[in-house]
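User: I would like to learn how to read the features of a protein model step by step. Could we work through one together?

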Amino acid sequence: MNLTETWESFLDLLSNEEAIQFVYKQSITGIPFLYITTNPSVSKGTIEDSIKLLAAKVMRGKRLQMEYSFVRNDGNLLVYRVRFLVPQEKMFCCGNLCPDCIRFRN
């Protein structure tokens with residue numbers, strides 16, 4: 001699964017939002033941070049709703065999860081830590097009779 005394409009689509013959708021003036025992603029020590037410059041009258045809750053909605057749109061049909069957390073703000077600049085996570089799958093049977101055991105797959 002190529003997360004680069006997912007990030008590109010996500011950033012494109014965010015940049016087309018009316019409430020957002022400018023958005024970019026920067027990785028610091030391998031952790032992706034999202035820098036969002038908003039219009040003056042937009043609330044933090046509106047931006048977070050947009051992040052969740054657009055991330056769901058980008059992840060549709062893929063086995064991804066999104067995790068985000070607010071870091072800081074400076075006037076109209078909001079900073080979030082956003083990660084798209086690929087779920088881990090079991091590769092062998094451990095013998096504990098797990099409901100998602102690899103033995104039950106087709």
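Analyst: What follows is a walk through this predicted model, from the whole chain to single residues.

User: Which elements does the protein chain contain, and in what order do the elements run from the N terminus?

Analyst: The protein chain has two helices and four strands, and their order from the N terminus on is α-β-β-α-β-β.

User: What do the radius of gyration and the box along the principal axes say about the protein chain?

Analyst: One reads the radius of gyration against the value for a compact globule of 106 residues, which would be near 13 Å, whereas the protein chain has 17 Å. The box that the C-alpha atoms fill, taken along the principal axes, is roughly 55 × 25 × 25 Å. Buried residues account for 27% of the 106 residues, and of the contacts with a separation of 6 or more, 44% join residues 24 or more positions apart.

User: How should I read the surface and the charges of the protein chain?

Analyst: The accessible surface comes to about 7,100 Å², with 49% of that area belonging to carbon and sulfur atoms. For the charges, one takes the mean position of the 13 positive ones and that of the 11 negative ones, and in the protein chain these two means lie 9 Å apart.

User: How many disulfides does a search of the whole structure find?

Analyst: In general, a disulfide is a covalent bond between the sulfur atoms of two cysteines. Here the search of the whole structure finds zero disulfides. Cysteine 94 is in none, and the nearest cysteine sulfur, that of cysteine 98, is 3.8 Å away.

User: Why is there no bond between cysteine 98 and cysteine 94?

Analyst: The test is a distance, since a disulfide requires the two sulfur atoms to be within 2.5 Å. The sulfur of cysteine 98 has its closest cysteine sulfur in cysteine 94 at 3.8 Å, and that is too far for a bond. As for accessibility, cysteine 98 is buried, with a relative accessible area of 19%, while cysteine 94, at 38%, is partly exposed.

User: Is glutamate 48 buried or exposed, and which residues is glutamate 48 in contact with beyond its neighbours within four places in sequence?

Analyst: Glutamate 48 belongs to helix 2, which covers residues 44-59. Its relative accessible area is 16%, so glutamate 48 counts as buried, the cut-off being under 20%. Once the neighbours within four places in sequence are left aside, the contacts of glutamate 48 are with Tyr68, Phe70 and Tyr80.

User: What is there to notice about the phi of threonine 29?

Analyst: The general idea is that most residues other than glycine have a negative phi. Threonine 29 is not a glycine, and yet its phi is positive, at about 50°. This residue sits in the loop between strand 1 (20-28) and strand 2 (31-38), and with 75% relative accessibility threonine 29 counts as exposed.

User: How far apart in space are serine 43 and asparagine 76, and threonine 4 and alanine 56?

Analyst: Here one sets the separation along the chain beside the separation in space. Serine 43, in the loop between strand 2 and helix 2, is 33 residues from asparagine 76 along the chain, and their C-alpha atoms are separated by 9.5 Å. Threonine 4, placed in helix 1 (residues 3-15), is 52 residues from alanine 56 in sequence and 16 Å from it in space, C-alpha to C-alpha. Both serine 43, at 39% relative accessibility, and threonine 4, at 47%, count as partly exposed.

Terms used: Residues numbered from 1 in each chain as written. Predicted model: local features only at pLDDT ≥ 70, side-chain atom pairs only at ≥ 80, totals over all residues. Heavy atoms only, no water. Buried < 20%, exposed > 50% of the residue type's maximum accessible area, 1.4 Å probe, protein only. Rg over C-alpha atoms; globule rule 2.2 N^0.38 Å. Contact = heavy atoms within 4.5 Å. Areas by Shrake-Rupley, 256 points an atom, 1.4 Å probe, with all protein chains shown as cover. Lys, Arg positive; Asp, Glu negative; His and termini not counted. Charge placed at Lys NZ, Arg CZ, Asp CG, Glu CD.
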